[in-house]
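Here is a friendly walk through one model, meant to be read with the viewer open. Please have the backbone torsions and a neighbour count at hand.

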Amino acid sequence: MSSAWAQHDIKTTPVFQRLKAYIDSVPAIDTHDHLRRFEDIPHRVRTPDGEGLTLYSIWQGSYYVWNHPLTPWPSSGQFSDWWAEAKHTFDDAHAASFYRYLLPAFKDLYQVDFDRITDAQATELNAKIFKNYQNDEWLREVITEKANIELMFIDPYWARLQFETAYPFAVPLLNVTTLMRGSHVSQFELASDNPYRYARKHRLKCDTFEEFLVVVEAIFEDAKKSGAICLKSTQAYQRTLRYEKITRDRAAEVFGKPKHEISFKEQQDFEDFMFWRVCELSAKYDLPFQIHTGQARIQGSNPMLLVDLIAANPKTKFILFHGGYPWIGETGVIAMRYSNVWVDSVWLPTLSYTMAKRAYQEWLEVMPSDRIMWGADTVQAEGIYGATEFTRRCIAEALAEKVLKGELLEKHANRIGKQVMRDNALKLFPSLHERLWKTKAVE
Ligand SMILES: [Zn+2]
C-alpha cells in the first residue's frame, strides 16, 4: 500500500473511518431477509463427518452462482476433491459484487483473505464452517452481535401464508406474490401458497369471485393479527410491473377458469385487478407494500411502470425494492414526486457496490433522508454478515465523499447513516418499537 493510489482510497481517510465506526455501532433493522428455520438452511451436503454446511454450501447459497460457475459437491463428500476443481471457478469473478460481498464474512468471521486463499486455509475454513453449523448459536451470534442486527424482516417465500417466526429477532410479513394469481386453484403448485387450501382449512367458501375476495381479506386479517408488518411482491420475476386498472366485472368474468383454459391476457387482467385490490388492502390494514423492482424479468421491471398505480393510490405506502437496479435514477425521481414512496436499497450493494454508492448519493440529493432503507436479502450467517458489512461500508463511503467535498457536515452524515440502517424503518413501521430488544432503554 505504498503507492500514491492508496491516498485515493477514501477508506483510508479518518473521516471514512469515523463514519464507518459509527454506522457499525448502529443496531440495524434489516427490512428484508430469507432466513429459514435452522434445520431448513439450504445446501446442506453429505460429508464423511455427517450432513452439514460446508464452504460449498456458503457459495451455493450466495448470489455468486446466479451468473458464475461453481463445482458441484462431489459424491465422495470429500472437501479436497471439491476444492481441487472449485478453486479455479472463481477466476472470472474477482471484481464482481456477487463474489466480493461474501469476502468480509471470510475476512472478519474466519480471518481468511479469500482472494489470496491457500489450499491449507481453504481446508481449515471448510472445517470451521462445518463446525459452526452444528447448532443455531452461530446464526444468533453472527446476526445479532457481529452484524449488529436488532430486527430482521423475514420474507418466507417457501411458506407464504404462514406467519410463525423461528427467531426472536424475526419480524413476519405477508408475501402476496402468488395470492394475486388466484384466478383458479390450478394456479398453485405449493400447498403453502394456496389461498383455496387456506379457505378450506379455515372453513371459508371460495367458489365465487366475491368469496375469493373475502378469503383474501381473511388472510390479511390473519396476517395483521399474527404481527405481519408489511406486504411483499416479487411478481417482477414473472411478469410486467405495468398493472392496468381493470374492472371488477372483468376480473369476475375470468375468475374460475383453470390454468390450461385461461388465456395469457385474461390471467394478466385478473392479476392487474388483484394488484390494485392489494394496494387498497395495504392502505386499509396499514401494511406498507414492498415491491421488487429492477433486476428480475428486466423486460418489465422498470419501476417507472408503477407510476400510474402509485399516483392513483396515495394512501398506500409503496416501498420500491433494490433501488430498481439498474434504474436507480428513475427510482429516485419517483420518490421525489410521490410522498407515499420509500426506496429500499436492499440487495443493491450486493448487485453493484459502485452503483449502490452512487444511488445513496443521488437519492440523498433528491429526497428527504428519512425515505431510504436497507436489507441483507440472503439465507445464512455468512451471506447476511457479508451483505450487511458491504452495505455499512458503501453508505459510509457515499457519505464520507460528501463530507470530504464539503457537501455535508460529518454530524449530519452520521445522522443519515443511522437513519438508513435503522431509524427510517422504525419511523415507517412504528409497531417495531414494541419488538426492540437490544436498545429498549434508549428508544
Ligand atoms: Zn429477497
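## A loop residue to begin with

Let us start at Asn-148, which sits in the loop between α7 and β4. The model is a predicted one, and that holds for each value below. Asn-148 is a residue other than glycine, yet its phi is positive, near 50°. Along the chain, this residue comes just after α7.

Is Asn-148 buried or partly exposed? A residue needs 20 or more other C-beta atoms within 10 Å to count as buried. Asn-148 has 19 C-beta neighbours inside 10 Å, so it counts as partly exposed.

## Helix α7 and its two faces

Step back from that loop and you reach helix α7, residues 137-146. Its buried residues include Trp-138, Leu-139, Val-142 and Ile-143. Why do these four lie on the same side of α7? They span an arc of only 115° around the axis, which is what places them together.

Turn the helix over and the picture changes: the face directed away from the buried side carries Glu-137 and Glu-145, both exposed. As for what covers the buried residues of α7, the list includes α5 (103-110), α6 (119-132), β4 and α16 (381-404).

## Strands β1 and β4

On the other side of the loop is strand β4, residues 149-154, which runs parallel to β1 and is joined to it by four bridges. One pairing to look up is Asp-33, whose bridge partner in β4 is Ile-154.

How many residues of β1 are buried? Six of the six residues in β1 (28-33) are, so the strand is mostly covered. As background, side chains in a regular strand alternate between the two faces of the sheet.

## Two domains and their contact

The chain is divided into domain 1, residues 43-132, and domain 2, residues 147-442. Their C-alpha centres are 31 Å apart. Each domain gives residues to the contact: 14 from domain 1 and 14 from domain 2.

Which elements give two or more residues to the side of domain 1 that touches domain 2? They are α4 (97-100) and α5. The largest share of that side comes from α5, with five residues. Sorted by class, the side of domain 1 that touches domain 2 has nine nonpolar, three polar and two charged residues.

## The loop between β9 and α13

Another loop worth a visit joins β9 (318-321) and α13 (328-337), and Pro-326 lies in it. The peptide bond between Tyr-325 and Pro-326 is cis, with omega about 5°.

His-322 is found in this loop between β9 and α13 too. Although His-322 is not a glycine, its phi is positive, at about 60°. With 31 other C-beta atoms within 10 Å, His-322 is buried.

## Tyr-360 in helix α15

Last stop: Tyr-360, which belongs to helix α15, residues 353-366. Why does Tyr-360 count as buried? Because 29 C-beta neighbours lie inside 10 Å of this residue.

Leaving aside residues up to four places away in sequence, Tyr-360 touches Ser-345, Cys-394, Ile-395 and Ala-398. For a distance to check in your viewer, take Tyr-360 and Glu-397: they are 37 residues apart along the chain, and their C-alpha atoms are separated by 9.7 Å.

Key:
Residues are numbered from 1 along each chain as its sequence is written. This is a predicted model: local features need pLDDT of at least 70, side-chain atom pairs count only at pLDDT 80 or more; totals for chains, interfaces and linings use all residues. A residue is buried if 20 or more other C-beta atoms lie within 10 Å of its own, exposed if 12 or fewer, and partly exposed in between; C-beta atoms are placed from the backbone. Two strands pair if DSSP finds at least two bridges between them. The arc is that of the directions from the helix axis to the C-beta atoms. Two residues are in contact if their C-beta atoms, placed from the backbone, lie within 7 Å. Domain bounds come from an automatic or database domain assignment. Ala, Val, Leu, Ile, Met, Phe, Trp, Tyr, Cys and Pro count as nonpolar, Asp, Glu, Lys and Arg as charged, and the others, Gly among them, as polar.
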